[in-house]
Amino acid sequence: MMAGRAPFGTSGLFLALVASLTFAAACTSEEDLPGPSIVEVPPLVTPQRTTGFDPSTGVIRIGIIADLSGPGAEIARSQVAGAEAYWSTVNSRGGVDGRFPVELVIRDTQGLASTAVVSYRELRERVVMFGQLVGTGTTDALRELLRADGIIAVPTTRQSVWVGSEFRNLLPVGVSYAVEALSGVSWLSEQDSQPQTWCVVTDATQEGQDSIFGAIVASQELDAVPDLL
């Protein structure tokens with residue numbers, strides 16, 4: 001039995017397509033082909049000299065002001081230890097951008113606002129920023145100076161009074177005491193659909209006043225009567 005020929009519609013069409021592509025490629029000169037696109041990679045540039053940066057060593061200095069020996073020492077020491085651990089990890093990988101090591105310059109306020117101001121004035125021309133301002137008292141003592149100087153700082157207080165458009169250079173950490181109080185009242189409202197009176201127990205410190213503010217705002221929104229002690 002003789003083998004039949006494949007119809008032109010299948011193999012013939014394929015061969016014609018290959019031939020046309022080959023002919024087109026042969027007729028296209030190299031001048032007509034688009035050239036490769038070249039993307040230039042910018043070289044690494046060392047930043048110019050600035051406050052807190054040493055161009056000769058590449059070291060970035062970050063300030064920390066905290067109560068390490070006063071009434072808030074227990075909390076402050078743990079927070080500073082956390083900052084030291086973080087930057088130690090960054091430095092183990094070469095530093096910022098893998099090439100700029102970070103040096104922390106730490107000052108102890110001893111729990112005194114006046115000492116915090118002295119430390120700030122000493123360091124503001126030596127550091128790029130303040131990576132930690134530990135405590136509400138320290139933040140209150142320095143916030144106007146920071147606003148006027150435009151230096152970036154990270155206060156670890158949870159007081160909300162300084163949060164505002166005029167303090168855009170202050171970067172908050174976590175939620176404020178007022179927000180915590182709002183969240184607490186919100187939780188109570190979910191547990192009791194018809195609350196009568198809620199009791200808020202706090203103290204006369206700045207943190208306590210912030211909590212009272214949050215509780216009052218939440219109670220007003222929920223048409224509740226706060227009993228403040």
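# Exercises on salt bridges and backbone

Gln 110 has a relative accessible area of 45%, which makes it partly exposed. The model behind these exercises is predicted.

## Exercise 1: Positive phi

Task: Where is Gln 110 found, and what is its phi near? Then treat Asp 97: where is its place, and is it buried or exposed?

Solution:
1. Start with Gln 110. It sits in the loop between S3 and H3.
2. Read the backbone angle. Phi of Gln 110 is positive, near 60 degrees, and the residue is not a glycine.
3. Classify the surface. Buried ends under 20% and exposed begins over 50%, so Gln 110 at 45% is partly exposed.
4. Turn to Asp 97. Its place is the loop between helix H2 (73-92) and S3.
5. Read its angle. Asp 97, also not a glycine, has a positive phi of about 60 degrees.
6. Classify Asp 97. Its relative accessibility is 55%, so it counts as exposed.

## Exercise 2: A strand-to-strand pair

Task: Which residue forms a salt bridge with Glu 103, and why does the pair tie together parts apart in sequence?

Solution:
1. Find the partner. Glu 103 forms a salt bridge with Arg 61.
2. Check the distance. The closest N and O atoms are 3.6 Å apart, and the cut-off is within 4 Å.
3. Place both ends. Glu 103 belongs to strand S3 (residues 102-108) and Arg 61 to strand S2 (residues 59-66), so the pair ties together parts 42 residues apart in sequence.
4. Classify Glu 103. It is partly exposed, at 35% relative accessibility.
5. Classify Arg 61. It is partly exposed, at 23%.

## Exercise 3: Loop to helix

Task: Which side chain meets Arg 124 in a salt bridge, and how many residues apart are the two?

Solution:
1. Identify the pair. The side chains of Arg 124 and Asp 149 form a salt bridge, 3.1 Å from N to O.
2. Locate Arg 124. It lies in the loop between helix H3 (113-123) and strand S4 (129-133).
3. Locate Asp 149. It lies in helix H4 (residues 136-149).
4. Take the separation. The residues are 25 apart, and the pair links distant parts of the chain.
5. Add accessibility. Arg 124 is partly exposed at 28%. Asp 149 is partly exposed at 37%.

## Exercise 4: A network

Task: Which residues are linked with Glu 122 in a network of salt bridges, and how many salt bridges does the structure hold?

Solution:
1. Recall the principle. Side chains of opposite charge can pair when their charged atoms come close.
2. Take one link. Glu 122 and Arg 126 meet in a salt bridge at 3.4 Å, N to O.
3. Classify both ends. Glu 122 is partly exposed at 35%. Arg 126 is partly exposed at 38%.
4. Complete the network. Arg 107, Glu 122 and Arg 126 are linked by salt bridges.
5. Give the total. The structure holds seven salt bridges.

## Exercise 5: The whole chain

Task: How many helices and strands does the protein have, and what percentage of its residues is buried?

Solution:
1. Count the elements. There are six helices and seven strands.
2. Order them. From the N terminus on, they run α-β-β-α-β-α-β-α-β-α-β-α-β.
3. Take the buried share. It is 29% of the 229 residues.
4. Take the contacts. Of those with a separation of 6 or more, 56% join residues 24 or more positions apart.
5. Take the surface. About 14,900 Å² is exposed, and carbon and sulfur atoms supply 58% of that area.

Definitions and conventions:
Residues numbered from 1 in each chain as written. Predicted model: local features only at pLDDT ≥ 70, side-chain atom pairs only at ≥ 80, totals over all residues. Heavy atoms only, no water. Helix = DSSP H or I, 4+ residues; strand = E, 2+ residues; numbered from the N terminus. Buried < 20%, exposed > 50% of the residue type's maximum accessible area, 1.4 Å probe, protein only. Contact = heavy atoms within 4.5 Å. Areas by Shrake-Rupley, 256 points an atom, 1.4 Å probe, with all protein chains shown as cover.
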